[in-house]
Amino acid sequence: KEGVMNRLAFDVGTDAAPDFTNGIPMWGELPNQAVGEGFSPSGAPQEVTMIRAVAKFTLINPLESDLKGFFYYYNDLRLYNYRAKGRIAPDNYNVTGKQVNIGIFNGSQKTFYLCEVDNKNRPSGGNALDDLCLVMHVKPYLTGSKPSVDGYYRLDFKDYGSGVPMDILRNHEYKVQVESVDGLPAQTPE
């Protein structure tokens, strides 16, 4: 499994996409069964439902002319608190940098792949700062009523209507598009 999952990991400074020419990692399970001398799977094949072993996350940056277009440019993306087995492609865990320097200009989007994250259960003694989040440096448009200062925003993986953190589930696709922010951006990712 680890060898297959490693096809999704890249160096932190690389703008790369996973190689899916040999397929995307998938997972399937058979129900418990007794395997004895007369067991013959070819005589009575069982159906196995395969699901993707990862979740797909896409950050969308619409054109400025789109009413939902909010930022001109995203870069310096950092994924935090993705638990011990979490991964991102490009691989975002780097002790020194913890960043992926890729640009998402207006009118474009980028896709990342994550392992499942149990985001509703925080580590012992944890709080909302321990929730899975994407910190991104943004460059705004210089016109209109949208923020006009470069800086960092934190994007939490939660239901913004209820404030409840969302678990990231394998075999699911998450499309995220920023439509509003609270306040001016921070000057550092921390």
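A residue counts as buried under 20% relative accessible area, as exposed over 50%, and as partly exposed in between. M26 has a relative accessible area of 39%, so M26 is partly exposed. This structure is a predicted model. The points below cover a surface patch, one strand with its partners, and a pocket.

**Surface patch**
- M26 is located in strand β1, which spans residues 26-28.
- Together with L30, V48 and M50, M26 forms a nonpolar patch on the surface.
- The accessible area of these four residues adds up to about 340 Å².

**Strand β3 and its partners**
- Strand β3 covers residues 55-61, and 6 of its 7 residues are buried, which leaves the strand mostly covered.
- One partner of β3 is strand β6 (residues 108-114), and the two pair in the antiparallel sense over 7 bridges.
- Within this pairing, K56 stands opposite Y113 of β6.
- Strand β9 (residues 173-177) runs parallel to β3, and 5 bridges join the two.
- I60 has Q177 of β9 as its bridge partner.

**Largest pocket**
- The largest pocket holds about 550 Å³ of space.
- Its lining is made up of 20 residues.
- Nearest the centre of the pocket lie L155, D156, Y160, V178 and S180.
- Strand β8 (151-156) supplies at least two residues of the lining, and so does β9.
- Strand β9 therefore appears in two of these topics: β9 is joined to β3 by 5 bridges, and β9 contributes to the lining of the largest pocket.

Technical notes:
Residues are numbered from 1 along each chain as its sequence is written. This is a predicted model: local features need pLDDT of at least 70, side-chain atom pairs count only at pLDDT 80 or more; totals for chains, interfaces and linings use all residues. Side-chain values use heavy atoms; hydrogens and water are left out. Patches are made of residues with over 30% relative accessible area and no salt bridge: like charges are joined within 9 Å, nonpolar side chains (Val, Leu, Ile, Met, Phe, Trp, Tyr) within 5 Å. Accessible areas come from the Shrake-Rupley method with a 1.4 Å probe; for residues, only the protein chains shown count as cover. A salt bridge is a side-chain nitrogen of Lys or Arg within 4 Å of a carboxyl oxygen of Asp or Glu. Helices (H or I, at least four residues) and strands (E, at least two) are DSSP runs, numbered from the N terminus. Buried means under 20% relative accessible area, exposed over 50%, partly exposed in between (1.4 Å probe, protein chains only). Two strands pair if DSSP finds at least two bridges between them. On a 1 Å grid over the protein atoms alone, a cavity is a set of points where a 1.4 Å probe fits but cannot get out, and a pocket is an open set with protein on both sides within 12 Å along at least five of seven lines; lining residues have an atom within 4 Å of a point. Grid points are joined across faces, edges and corners, and a volume is the space filled by probe spheres set on the points.
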